[in-house]
Amino acid sequence: VWPRNSGAAFKCPHMLDAIHGLGRPSDWVQRWLHLIPQQAQVLDLACGAGRHARLLQSLGCQVTAVDRDASALAHMNNSDIACLQADLEQEAWPFQPQQFDAAVMTNYLWRPVFEPLIASLKPGGVLVFETFSAGQETVGKPSRPAFLLAPNEAFALCGSLRIVAFEDGFEPESSHNAQRFVQRIVGIKEDVDQVSAQRYPLKPL
């Protein structure tokens, strides 16, 4: 049941791959993997069956995968991924004071989670985020405004981070995604002592 307030959460209901995490990883996540070091401790929020958790683990990361759906998490039972069943919308943030080198969150929107999530990133930690945005109601689900990012909202939610990349637009249907309006962002939690000339490589398309 979806919450009925302005902080409402949404997890993609119309694409099997996105719901259960059994499909190919997000192109956006794959594009920015080079910012996540090997052996990094990575948090995969609303992970489903772990399409990103498995990818990150295969690259040498130590992954903690979180979802409220125990049946989805069961797909990772035979892996070394640390799985946690938790309802982020109803329960206290489960990781305080634990911190991570990176976090990934896709096709999920629960606005109140951004503050504790960003606080749980180590200095230099990376956040890779992608979900649906305004306009999606014209082409499919989700359609309720509470489940869609307003123009530039991802930028605002991650405003305390150094924004390395941001996209806000429309994607036509492809072999692995329905047509959709989407926002994507990559931010880094810079140490207060880091200089603005810190280099974050931009991987070519």
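Reader: Hello! Is Cys 83 buried, partly exposed or exposed?

Author: Welcome! This is a predicted model, and in it Cys 83 has a relative accessible area of 34%. Buried means under 20% and exposed means over 50%. With 34%, Cys 83 is therefore partly exposed.

Reader: How many disulfides does the structure hold?

Author: Let us look at the cysteine sulfurs. A disulfide needs two of them within 2.5 Å. For Cys 83, the nearest cysteine sulfur is that of Cys 47, 6.2 Å away, and Cys 83 is in no disulfide. The number of disulfides in the structure is zero.

Reader: And is Cys 47 buried or exposed?

Author: The cut-off for buried is under 20% relative accessible area. Cys 47 has a value of 6%, so Cys 47 is buried.

Reader: What is the mean pLDDT of the protein?

Author: Here is a little context before the number. Residues 1–6 have a pLDDT below 50, and the pLDDT also stays under 50 over residues 12–19. Even so, 86% of the residues reach 70 or more. The mean pLDDT of the protein is 88.

Reader: In what order do the strands of the sheet stand?

Author: Happy to walk you along the sheet. Seven strands form an open sheet, and their pairing is mixed. The twist from one strand to the next averages 10°. The order is S4-S3-S2-S5-S7-S9-S8.

Reader: Which strands stand at the edges?

Author: A strand at the edge has a single partner strand, so one side of it is left without a neighbour in the sheet. That is the case for residues 82–85 and for residues 162–171. These edge strands are S4 and S8.

Reader: Why is strand S3 largely enclosed by the rest of the structure?

Author: Strand S3 spans residues 62–67. S3 pairs in the parallel sense with S2 over five bridges, and four bridges join S3 to S4, also parallel. As for the enclosure, S3 is largely enclosed because the number of its six residues that are buried is five.

Reader: Which helix makes a β-α-β unit with S2 and S3?

Author: S2 covers residues 41–45, and in S3 the bridge partner of Val 42 is Val 63. The β-α-β unit is right-handed, and its helix covers residues 51–58. That helix is H3.

Reader: What is the bridge partner of Met 105 in S7?

Author: Strand S5, residues 100–106, pairs with strand S7, residues 121–132. The two strands run in the parallel sense over six bridges. In S7, the bridge partner of Met 105 is Phe 129.

How values were computed
Residues are numbered from 1 along each chain as its sequence is written. This is a predicted model: local features need pLDDT of at least 70, side-chain atom pairs count only at pLDDT 80 or more; totals for chains, interfaces and linings use all residues. Side-chain values use heavy atoms; hydrogens and water are left out. pLDDT is the predictor's confidence in each residue, from 0 to 100. Contact means heavy atoms within 4.5 Å. Buried means under 20% relative accessible area, exposed over 50%, partly exposed in between (1.4 Å probe, protein chains only). Two strands pair if DSSP finds at least two bridges between them. Axes are lines fitted to C-alpha atoms, for helices over the stretch in contact, and angles run from 0 to 180 degrees between N-to-C directions. A crossover is right-handed if, with the strands pointing away from the viewer, the path from the first strand over the helix to the second runs clockwise.
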